[in-house]
Structures are given as structure tokens and as C-alpha cells.
Amino acid sequence: MRDPVYVTRPNLPPLEDIIPYLEEIWSNQVLTNGGPFHTRLEAELAAHLGVNYLSLFANGTLALVTALQALGIRGEVITTPYSFVATTHALAWNNITPVFVDIDPHTLNLDPACIEQAITPQTTAILPTHIYGNPCDTKAIQQIADMYGLKVVYDAAHAFGVEDDEGSVLRHGDMSILSFHATKVYTTFEGGAIVSPDEKSKERVDYLKNFGFVDEVRVVQSGINGKMNEFQAAVGLAQLPRIDGLIAQRENLDGAYRELLADINGLDLPPRSHARRYNYSYFPIFISRNYPVSRDSLYDRLREDQIYTRRYFYPLISELPMYRGLESARSDRLANAHRAANSVLCLPIYPGLDRGTLERICDICRHPG
């Protein structure tokens, strides 16, 4: 009986690397509320990612909800239907109306050409996602935002360590949000972060994530409990020295997939990222009408062999019951997003995926019948 193979596996540090951190937590009895590991991880992550102001969170969704609060965003926000549901749920939790626009058919990111025509007097911000870690067209998006006086918040959950020609993609927009969930390239089990543009913005974020407390007796914001605890921070600290090596392993797997799947009729490979530094967080393939079977049939065939792929992102967020009644959710306005949702299959890619298993996956893709 073969072991199941999933799209990803947590990139856990060796247990012996974690034990010294646990011993220190048990010794000093500091479990949360900005403890020494939390403070250290904020500094080390900011340095590693090439940003100045980073705030840790218990998870990426809380980070996104808080970023929208910190920036005072209200009304309508233009966003993508092709993302994880948390992107739009964070808007709903802030009583913000999502306005969906179509995606670029090649990058699968929010299409700047569709943004301007969706702007109304109620529009206050743009919320794009760097899909699969491929950077959005940040220059075009910022030009539109500047022209209309809009904020830009990037869902950078997939974009840990990704850089464009000028440095970290996290520096774009008014804030960027990271996820350190167990499925991500860099993990703290659960976890996330907000990258702020300046010290004042970080201060506001830090108040909001800790109930609005400034000190023991002063509360200045209607905050929530978004803090990362010391155990999560310890996992992050143990993980950080290994992350470049883990990304290099992902790069090798990406290259192997491209080599073995290159000439299959009807199966298209993801375009090469234009990032200066990429993290190889996902490996999506695109199943067209020329392929011998449908995308869902290939999905089922792989499951028969205990290979559990994912149809990221299917169904579209705009198809979910709580959003499909919106005017912007009409399928005729989101043709590229629907095409992607019905054709993409993300194959397993994670450090430790052996060559034999990868070849087995590719063989099934080559002979799915």
C-alpha cells in the first residue's frame, strides 16, 4: 500500500532544533503577549525578507482583517475572484463590499485593464493576490490607485521571499499580508504577518492586534486578539535558517516537472515567473480541451493512486453562496477566472517529494486513461 501524496507537506524543522526553544519557554514561563521569541522573529523575518516594519499575527486571515481596519478601508474594494476564500471573507468581516474583476489569462493575477472600469464613488481600495507567488503588475495597479486616490492591500500569502527587480514584492502597496499556515513555503503551523510602510502604521497595527492596548491601563483602538504566541515564534525561528535550502529543493522539483511534462498535448505548464527571486510554492498545470480526459477526471484518476491534488481555486469565490448575488460576480464578466478555475490542477510540490513519486505522477498525467 503506497503512502498518500498531497499537494504539500509541512516543512517542519527537525525536532531536535525545536527542543531548546521549548526548554526556554518552559523555563521563563513567557507564552505570549510579545515574548522574547516573538520579538526576535519579527526582527529576523524583517531582515530576511528585506522589509523594515513587520508585525506577526496568529494567522494570515487575522492579519488581513486587521490591515483593512488599520487603513480605515470602507465602502467597496476591487478584488479577484481567483484566490483563497479568506481574501474576500476579510472584506466581509469588515462590512466592505467586494467588487470582483477578471484576471489576466496568463499570470492569473488581477488584470489591471479591468480595474479602472470597476471604480465607483464608493471604491476605496484594491485588494490583489500574488497568485502562486507570481508578482502582480504592481506598477500598473499603483498607477490606477494613485490616479483615483485608492489604497492597495496585497494578499501575499503565496509570496514569502519573492522579489522583483527592485527587491521584496512585500514593499508594494499600502500593506502586504503573509500567511505562515502549515501549507505554506515558510510555516509556523498557523501564523501570518503584516508588512507596513512606516513605523506609525506598524504601531497602529500592533495596537489593533492586541485589543488596542498601549500599556496596562490605556486602550486606544477597538482591537482584537491577533497575537502570535511563543511556540509559533519558536517554530518560525527554527525554520528560518533552513528556508533557502527548502526553496532550492522546490526549484529542483519544478524543473523536474517541466522536463517530464513538457510535450503532453493538452497539458500546459505554468508560465515562468518574472520574479527575480521566486519561491516555487505551487505547481499548477492547465488542462485544455485537447487533453484526453477532463481536468476533474485526471483529478479522480490521481486520487485512485492516492495522489491528492488540488483544484486551486475552484469554485471561484464569486460562485460561493454569500457572494454570487453581487453584480460583479456575473460569470460573463469573469471569463478568464472561470476558465482558470475549471482547468487548473495543482500537483504535489514540497521538499522531500522523491523523484520516483514525481515520475509516477507525471506518468499518470501522460497516460490518464
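Which residues have the most contacts inside the largest nonpolar core? The legends below, for close-up views of a predicted model, begin with that core.

**View 1. The largest nonpolar core and the elements that build it.** This core has 58 residues, and Leu-45, Tyr-82 and Tyr-132 are those with the most contacts inside it. Helices that give two or more residues to the core are H1 (15–28), H2 (36–49), H8 (230–239), H9 (243–261) and H11 (335–341). The strands that do so are S2 (53–57), S10 (192–196) and S14 (344–347). Another core, of 25 residues, lies apart from it and includes Ala-256, Leu-298, Ile-307 and Ile-364. In soluble globular proteins, nonpolar side chains tend to be buried together.

**View 2. Contacts of Tyr-82.** Leaving aside residues up to four places away in sequence, Tyr-82 touches Ile-103, Leu-108, Ile-131 and Tyr-132, along with Tyr-312, Phe-313 and Leu-316. Its contacts also include Ala-337, Ala-340, Ala-341 and Val-344. Tyr-132 is itself among the residues with the most contacts inside the largest core.

**View 3. Strand S12 and its partners S11 and S14.** Strand S12 covers residues 283–287, and because 5 of its 5 residues are buried, the strand is largely enclosed by the rest of the structure. Phe-283, Ile-285 and Ile-287 point one way from S12, while Pro-284 and Phe-286 point the other way. In a regular strand the side chains alternate between the two faces of the sheet. Strand S11 (residues 267–268) runs antiparallel to S12 and is joined to it by 2 bridges; here Leu-267 stands opposite Ile-287. S12 also pairs with S14 in the antiparallel sense, over 4 bridges, and Ile-285 stands opposite Leu-345 of S14.

**View 4. Helix H8 and its cover.** Of the 10 residues of H8, 9 are buried, and the helix is mostly covered. The buried residues are Glu-230, Gln-232, Ala-233, Ala-234, Val-235, Gly-236, Leu-237, Ala-238 and Gln-239. H1, H2 and H9 are among the elements that cover them.

**View 5. A nonpolar surface patch with Phe-231.** Leu-12, Phe-189 and Phe-231 make a nonpolar surface patch of about 260 Å². Phe-231 belongs to helix H8. Is Phe-231 buried or partly exposed? Its relative accessibility is 33%, so Phe-231 counts as partly exposed.

How values were computed. Residues are numbered from 1 along each chain as its sequence is written. This is a predicted model: local features need pLDDT of at least 70, side-chain atom pairs count only at pLDDT 80 or more; totals for chains, interfaces and linings use all residues. Side-chain values use heavy atoms; hydrogens and water are left out. A nonpolar core is a set of buried Ala, Val, Leu, Ile, Met, Phe, Trp, Tyr and Cys residues joined through side-chain atoms within 4.5 Å. Buried means under 20% relative accessible area, exposed over 50%, partly exposed in between (1.4 Å probe, protein chains only). Contact means heavy atoms within 4.5 Å. Two strands pair if DSSP finds at least two bridges between them. Patches are made of residues with over 30% relative accessible area and no salt bridge: like charges are joined within 9 Å, nonpolar side chains (Val, Leu, Ile, Met, Phe, Trp, Tyr) within 5 Å. Accessible areas come from the Shrake-Rupley method with a 1.4 Å probe; for residues, only the protein chains shown count as cover. A salt bridge is a side-chain nitrogen of Lys or Arg within 4 Å of a carboxyl oxygen of Asp or Glu.
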